[in-house]
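Biologist: I'd like to walk through this model with you, one question at a time. Can we put it on the screen first?

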Amino acid sequence: MLQERIPDLAKFVEPDRVRKEVYTDPQIFALEMARIHEKVWIYCGHESQVPKAGDYATVQVGRQPMLMVRGKDKLVHVLYNRCPHRGNMMCGDRHGNAGEFFRCSYHAWTFQHDGKLRSIPMMESGYAGTRYGKDNPDCSMKQAARVESYRGFVFASLAADGPTLKEFLGESRIAFDDMCDRAPGGEVEVVPNCFRVIQHSNWKIFLENQLDALHPSVVHQSTGRAAHEVEKDIAKKTGKAPLSYHMLSAFATVTIDKWDNFQTLNYPYGHCILTGYMGLRPKDPDTLAYEKVMHKAYGKERTEEILGVNIHHVLIYPGLSVQSPLQQLRAVRPLGVDKTLTEIWHFRLKGAPEPIYRRSLAYYNLVNSPSTMINADDLENFWKCQQGLTSDGGDWVSFGRFHGRDLEKNGVVETGPNMGTSEAPMRNQMKAWAQYMGNGR
Ligand code: FES
Ligand SMILES: [Fe+2]
């Protein structure tokens, strides 16, 4: 059907612009789920969400309701959240503990943590001579085709073939390395709940916003300015203002022209990095105490290397936006062509003093939570984009800023000097999109 109506999806993506249907057509959305989200490595969760045998967390991968579960073998398995008997969802809660095994709430078929059928009530009398029973794999819960984790971050791919997780992540691995290395203990631990926001816009609009360095000083200016006023006031009275004000005021103090000083790096598979823009190494006693613990764990030189990593944002296409220096990430779960769930998680650095966690929590609440003005201002624009794109007011979305002036080296596209507001990250994402959708090769 789609093939007849849109014979050549390649025509929908040009290097510097994209057709509006890519954001509004439900059939293109269905194709995206099949060719992108249900194929590539999608983030399921962090291993610390399921520390004990039987612990599970439910997660959406593409259109598939899945379960991440810790087995008695200590391994993390990812299964379709579906009973093979009549298709009942196995776990209705977001997370919990299945006990010794999964037990379906409908007719009590039971399964091991890896999904293998354990028992069917009166199996012998009911199924003798039928095709059903322990030896039939169709009687077990289906596993994700591939599961791998990197430094505790668990990903699943629903396709048997494709690059390994490490190959897929490539340079974007720095998101997890940077986050974990900042922990004196070398790893992070999830804060066991997240904010969930449903955006009334296409999933790509959110991702295109993540490294959009042109928008903050427009969209977030009013919030940044108000915070800056208070910050100055406090600084005048007490000599210094808490870092949390800086998290907001940076949106105003980093003016539109200064955003060009930063840089984006654009990698294969649509991944991109935005270099850091906030001063996150103040000389307050909390930071100094943390640095002392880091020195003990890593030595001075390595500590400098770790704390000197200058990134603000890593986008792992098509489902993850990571802010590693502040230990947070947002996972993108498309629900429909104009409906997207984002999960906003944050993490603790193992072995770091409590105030460093408070810093992460402050950013989580002030910048990324559903209650902050920052997030609200973004969401309003996402919704307005979706509305505008459904109109007949134009056919294209433009990604032309600094087009043709990027520097390409070994497959990595760097924005040129003083071109931080380039739309290179969006072009890079759409290039990957076209490749996944089968037209860009
Ligand atoms: S649907 Fe699960 S046991 Fe019947
Ligand atoms: Fe924003």
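**Helix, core and iron site**

Biologist: α15 is mostly covered, I gather, so how many of its 13 residues are buried?

Modeller: Bear in mind that this is a predicted model, where local features need pLDDT of at least 70, side-chain atom pairs count only at pLDDT 80 or more, and totals for chains, interfaces and linings use all residues. Residues are numbered from 1 along each chain as its sequence is written, chains are lettered from A and ligands numbered from 1 in the order in which they are written, and side-chain values use heavy atoms, with hydrogens and water left out. Buried means under 20% relative accessible area, exposed over 50% and partly exposed in between, with a 1.4 Å probe and protein chains only. By that yardstick, the count of buried residues in α15 is eleven.

Biologist: What span should α15 have, and how far apart are its end C-alpha atoms?

Modeller: Helices here are DSSP runs of H or I with at least four residues, strands are runs of E with at least two, and both are numbered from the N terminus. The expected span is 1.5 Å times one less than the number of residues. α15 covers residues 424-436, so its 13 residues should span 18 Å, and its end C-alpha atoms agree with that at 18 Å.

Biologist: Which residues have the most contacts inside the largest nonpolar core?

Modeller: A nonpolar core is a set of buried Ala, Val, Leu, Ile, Met, Phe, Trp, Tyr and Cys residues joined through side-chain atoms within 4.5 Å. The largest one has 96 residues, and α15 gives the most to it, with six. Another core, of 17 residues, lies apart from it and includes Leu67 and Trp109. In the largest core, the residues with the most contacts are Phe153 and Trp433.

Biologist: Which residues is Trp433 in contact with, leaving aside its neighbours within four places in sequence?

Modeller: Trp433 is one of the buried residues of α15. Counting heavy atoms within 4.5 Å as contact, its partners are Leu9, Val13, Val22, Ile28, Glu32, Ile36, Trp203, Lys204 and Tyr317.

Biologist: Tyr317 caught my eye, so to speak; is the peptide bond from Tyr317 to Pro318 cis or trans?

Modeller: Pro318 is found in the loop between β17 (311-316) and β18 (320-323). Most peptide bonds are trans. With omega near 10°, the bond from Tyr317 to Pro318 is cis.

Biologist: Back to α15: which backbone oxygen does the side chain of Arg427 reach?

Modeller: Arg427 lies in α15 and is buried, with a relative accessible area of 9%. Its contacts include Phe399, Phe402 and Asp406. A polar contact is a pair of N or O atoms within 3.5 Å; within protein, one must be able to donate a hydrogen and the other to accept it, and residues adjacent in sequence count only if both atoms are side-chain atoms. At 3.0 Å, the side chain of Arg427 reaches the backbone oxygen of Arg401.

Biologist: Is Phe402 buried or exposed?

Modeller: Phe402 sits in the loop between β21 (396-398) and β22 (407-409). It has a positive phi of about 60° although it is not a glycine. Its relative accessible area is 17%, so Phe402 is buried.

Biologist: Now the metal: which residues coordinate the iron ion (ligand 2)?

Modeller: Donors are N, O and S atoms within 2.8 Å of the metal (3.2 Å for Na, K and Ca), and water is not among the atoms, so sites may look incomplete. The donors follow the spacing H-x4-H-x157-D along the chain. At 2.1 to 2.3 Å, the iron ion is held by NE2 of His215, NE2 of His220 and two OD contacts from Asp378.

Biologist: How far apart in sequence are the parts that His220 and Asp378 tie together?

Modeller: His220 is buried at 1% relative accessible area, and Asp378 counts as buried at 11%. His220 lies in the loop between α8 (216-219) and α9 (221-238), and Asp378 in helix α14 (residues 373-389), so the pair ties together parts whose separation in residues is 158.

Biologist: Which residue has a side-chain oxygen that reaches the backbone nitrogen of Ile374?

Modeller: This contact is at the start of α14. Ile374 is among the buried residues of that helix. The oxygen comes to within 2.7 Å of the nitrogen, and it belongs to Thr372.
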